[in-house]
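User: I am new to this structure. Please take a close look at one helix for me, and set it in its surroundings.

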Amino acid sequence: MTQTSPARAGVPSADAKPALSKIEQAKAELCGLELEPRLDELGRQGWESLDEATLTIRLKWLGIFFRPVTPGRFMVRLRLPNGVISADQLEVLADVVDRCGEHGSADITTRQNIQLRGLLLEDMAPLMAALKRVGLTSRQSGHDNPRNLTGNPLAGIDPEEFIDTRPLVAAIQEALLGPCGPRNLPRKFNVAVGGAPDSFLLHNDLAFLPAIHQGELGFTVMVGGFFSAQRNELAVPLGLWLPAGQLPAFTLAVLRHYERHGNRQQRNKSRLMYLLDQLGLEPYRQVVLDTWQELAAELGPELFGDPTAACPHDGSHLVSRAPRAGLGVQPQKQEGLHWVGLHVPMGRLDAEAMAELARLARSHGSGELRLTEAQNALIVNVPAERLEPLLAEPLLQRFRPDPSPLQAEAVSCTGNAYCGFALIPTKGTAQAVLEELEARVELPHAVRMHWTGCPNACGQPHMGQIGLMGAKARKDGQMVEAAKIFLGGSMDADPRLAELHDKGVPLSDLPDVLEELLVERFDARRRQPVSS
Ligand code: HEM
Ligand code: SF4
């Protein structure tokens, strides 16, 4: 049996449970990772000749997404642990997008990640080789896999950080993509590591929050956070504290247990929280620790760490506020160096902008960039004398270091240009509405708006102070494109999910309705009309 076979010991096979869904059957028949050496051949065959399960399910194990809205033009989702990317890597991606001509673009996502668009199936084999050459991968970034690992975007440069999350996130990724990592989870799985007072992480299935135990800085474990069309939950304390070095082994144990025991019959009841509901939090903690013990005994401490290092914990932690936007010029913890945070409207990039960002990072900084969950980009390690030339670069007219309070932290999912689920053109609508609102009102502080195209909620509308979700509504007797409005989301020390406020405002009425809300609830002042 190969390492990548989904039917290895402990993982249910198609025969083990007769009620497997169609998706589970396809996964059990052949793991998408097995397709990697065959990508060249698949490209030559052409996408039309692929069976549906390969096209729409298995290729996602390699990060390759068939997009029904643009048939034949694929999306590739990378992995960028902790949102760190070098100028060399970004240049390679810019080149890939450039070669897709008018079809090419890229998005910064809310998992500090990049999605490339417009690729052909025959591009995939050379793309995978090019990614490998610059230390990138798109492996296991889609479908039922552990998604891109997020961490403090300011890790290592942050005057306020408790711990640098980059090596921790990198070590977890190495463990997850290694021989003991999961191949056939029941559903996707999100993991995040916090390292500063402001890292908001509780929408992840597994989040490690910095916490002190008996004078030692380590992490308290939070579990079960997720959003979906049916249910939204923030992660809850598992009652366990871990030293930093044990995060990879513990994550593997959590995923091995989830791979064995998660729900494979109902996909809308298979995220980790449902397993916690079923087992109860304390019994769950015990079975994860038992799984960890078992794996450590079986495979040895170099792979599976030391389960005795885990300590009972009350869940208290050092996270105390909502995340900083990190935009503009900010002093790093390294004397004389700065990061410059640039606002990328709706996270949308084109080849030219990507190449230009890479050039700016190299010529004014150390050749490194960071991506944020608010879909923005930071150029790091800029010496004081390079600030002025950087701020004078033409790209900064487009990706501003000082965007308006409405734009700064606005995030948006893909929308109907590329995603078949979308009920509205999310990014375009968001941008147009924000520009209209900026012309109408002045705001004394940022207001975080989260836009999403459908109830799948990829744009995390429940995390926004204002959340918007694509919908349909009736206007003048016609069904029209609309948005549900959610209010009250907060990402501070006491996080809250936004609640439904209006179940469908026609898009044409949105500027008026949002203007009213901003004035009534967010201290906005109407601008004086310009007299003609
Ligand atoms: C059954 C439910 C869901 C479906 C079918 C779904 C589908 C998709 C699709 C098709 C894309 C890629 C669209 C494109 O850019 O072309 C996407 C992206 C994304 N989705 Fe979802 N989604 C679901 C639920 C969620 C939820 C609940 C979240 C978390 C709030 C989420 C977070 C994301 C993120 C962050 C991305 C960007 C890629 C990344 O960095 O991982 N999705 N989703
Ligand atoms: S929220 Fe809906 S429209 Fe937006 S990316 Fe997710 S599935 Fe597509």
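The request and a connected answer follow.

User: Which residues of helix 6 are buried, and what do they pack against? Please add the wider setting too.

Analyst: A word on the source comes first. This is a predicted model.

Start with the whole chain. The protein chain holds 15 helices and 22 strands. Its radius of gyration is 23 Å, close to the 24 Å that the globule rule gives for 532 residues, so the chain is as compact as a globular protein of that length. The C-alpha trace spans about 80 × 60 × 50 Å along its principal axes. Of the 532 residues, 52% count as buried. Take the contacts in the chain with a separation of 6 or more: 67% of them join residues 24 or more positions apart.

Now to helix 6. It covers residues 166–177, which is 12 residues. From first C-alpha to last it reaches 16 Å, close to the 16 Å expected at 1.5 Å a residue. Its buried residues are L168, V169, I172, Q173, A175 and L176. Seen down the axis of helix 6, these residues fall within an arc of 165 degrees, so they line one face of the helix. What do they meet there? The buried residues of helix 6 pack against strand 6 (191–193) and helix 7 (247–261).

Burial also turns up in loops. M346 sits in the loop between strand 12 (337–342) and strand 13 (348–349). M346 counts as buried because it has 24 C-beta neighbours inside 10 Å; the cut-off is 20 or more. Its phi is positive, about 55 degrees, although M346 is not a glycine. Most residues other than glycine have a negative phi.

Q460 can be read in the same steps. Its place is the loop between strand 18 (449–452) and strand 19 (466–475). Q460 has 22 C-beta neighbours inside 10 Å, so it counts as buried. Q460 is not a glycine, yet its phi is positive, about 50 degrees.

Last, the ligands. Around ligand 1 there are 20 residues, and the closest are T109, R111, T414, N456 and C458. By class, that shell has seven nonpolar, nine polar and four charged residues. Ligand 2 has 14 residues around it. C413, C419, G453, C454 and C458 come nearest to ligand 2. The shell of ligand 2 has seven nonpolar, seven polar and no charged residues. C458 is named among the closest residues for ligand 1 and among the nearest for ligand 2.

Conventions. Residues numbered from 1 in each chain as written. Chains lettered and ligands numbered in written order. Predicted model: local features only at pLDDT ≥ 70, side-chain atom pairs only at ≥ 80, totals over all residues. Helix = DSSP H or I, 4+ residues; strand = E, 2+ residues; numbered from the N terminus. Rg over C-alpha atoms; globule rule 2.2 N^0.38 Å. Buried ≥ 20, exposed ≤ 12 C-beta atoms within 10 Å, placed from the backbone. Contact = placed C-beta atoms within 7 Å. Near = placed C-beta within 6 Å. Nonpolar A, V, L, I, M, F, W, Y, C, P; charged D, E, K, R; others polar. Expected span 1.5 Å × (residues − 1). Arc of directions from axis to C-beta.
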